[in-house]
Amino acid sequence: MTQLPVLTLEEITADWLSEILQARVVSVTATPIGTGQVGATYRLTLDYGSGSGPSTLVIKLPSNDPLSRATGKSHMTYIR
């Protein structure tokens, strides 16, 4: 299994989560949480076709705003 870093919400698919969680995720719904100033944070609600896992997850991604993303990189915010 080759895992590349996720950089956008669009890359977090049911198939991707199925591979990571090793359970068949049939749908994922994302709800923004937080202010999104330095990063984009979402609560993911998952539905399973088979297997089991968490019903919700929180994922933190780099900001969607290019200036905020550059600031986060320059201050090494995403490494912490």
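Biologist: What share of the residues of this protein counts as buried, and what makes a residue buried?

Modeller: In this predicted model, 21% of the 80 residues count as buried. The criterion is a relative accessible area under 20%. Along its principal axes, the C-alpha trace spans about 40 × 25 × 20 Å.

Biologist: Which pattern does the protein follow along the sequence?

Modeller: The pattern reads α-β-β-β-α, and the secondary structure comes to 2 helices and 3 strands.

Biologist: How do you know that β1 and β2 pair?

Modeller: Pairing requires at least two bridges. Between β1 and β2 there are 9 bridges, and the two strands run antiparallel; with the requirement of at least two bridges met, they therefore count as a pair. Within this pairing, I33 stands opposite T41 of β2. The two strands form a hairpin with 5 residues between them, and G34 in its turn has a positive phi of about 85°.

Biologist: What makes β2 and β3 a pair as well?

Modeller: Strand β2, residues 39-50, is joined to β3 by 7 bridges in the antiparallel sense, so the requirement of at least two is met here too. L44 stands opposite L57 in β3, and T41 has K60 of β3 as its bridge partner. The hairpin of β2 and β3 has 5 residues between the strands, and G51 takes a positive phi near 80° there.

Biologist: Why do β1 and β3 stand at the edges of the sheet?

Modeller: The sheet is open, with 3 strands in the order β1-β2-β3 and antiparallel pairing. β1 (24-33) and β3 (56-62) each have a single partner strand, so one side of each has no neighbour in the sheet. On average, neighbouring strands of this sheet are turned by 30° against each other, direction ignored.

Biologist: What does helix α1 touch where it packs on the sheet?

Modeller: Helix α1, residues 14-21, touches β1, β2 and β3, and its direction makes about 110° with that of β1.

Biologist: Why are the buried residues of α1 said to line one face of the helix?

Modeller: The residues concerned are A14, L17 and S18. Seen down the axis of α1, these buried residues fall within an arc of 105°, so they line one face. An α-helix has 3.6 residues a turn, so residues three or four places apart point the same way. What covers the buried residues of α1 includes β1, β2 and β3. The helix is followed by Q22, whose phi is positive, near 55°.

Biologist: Which residues form the largest nonpolar core, and what makes them a core?

Modeller: This core has 10 residues: I12, A14, L17, V25, A40, Y42, L44, L46, I59 and L61. They are called a core because such a set consists of buried nonpolar residues joined through side-chain atoms within 4.5 Å. The elements giving two or more residues to the core are α1, β2 and β3, and β2 supplies the largest share, 4 residues.

Biologist: Why is S63 called buried or exposed?

Modeller: S63 has a relative accessible area of 2%. The value falls under the 20% limit, so S63 is buried. This residue lies in the loop between β3 and α2. Leaving aside residues up to four places away in sequence, S63 touches G36, Q37, V38, G39, A40, S68, R69 and Y78.

Biologist: What makes the pair of S63 and D65 a polar contact?

Modeller: A polar atom of the S63 side chain lies 3.0 Å from the backbone nitrogen of D65. The limit for a polar contact is 3.5 Å, so this distance is within it.

Biologist: Why does S74 count as buried or exposed?

Modeller: S74 has 55% relative accessibility. Exposed means over 50%, so S74 counts as exposed. S74 lies in helix α2, residues 66-74, and its side chain reaches the backbone oxygen of T71 at 3.0 Å.

Biologist: What share of the contacts between residues at least 6 apart in sequence joins residues at least 24 apart?

Modeller: For this protein, the share is 29%.

Key. Residues numbered from 1 in each chain as written. Predicted model: local features only at pLDDT ≥ 70, side-chain atom pairs only at ≥ 80, totals over all residues. Heavy atoms only, no water. Axes fitted to C-alpha atoms, helices over the stretch in contact; angles between N-to-C directions. Contact = heavy atoms within 4.5 Å. Buried < 20%, exposed > 50% of the residue type's maximum accessible area, 1.4 Å probe, protein only. Polar contact = N/O pair within 3.5 Å; in protein donor to acceptor, adjacent residues only side chain to side chain. Arc of directions from axis to C-beta.
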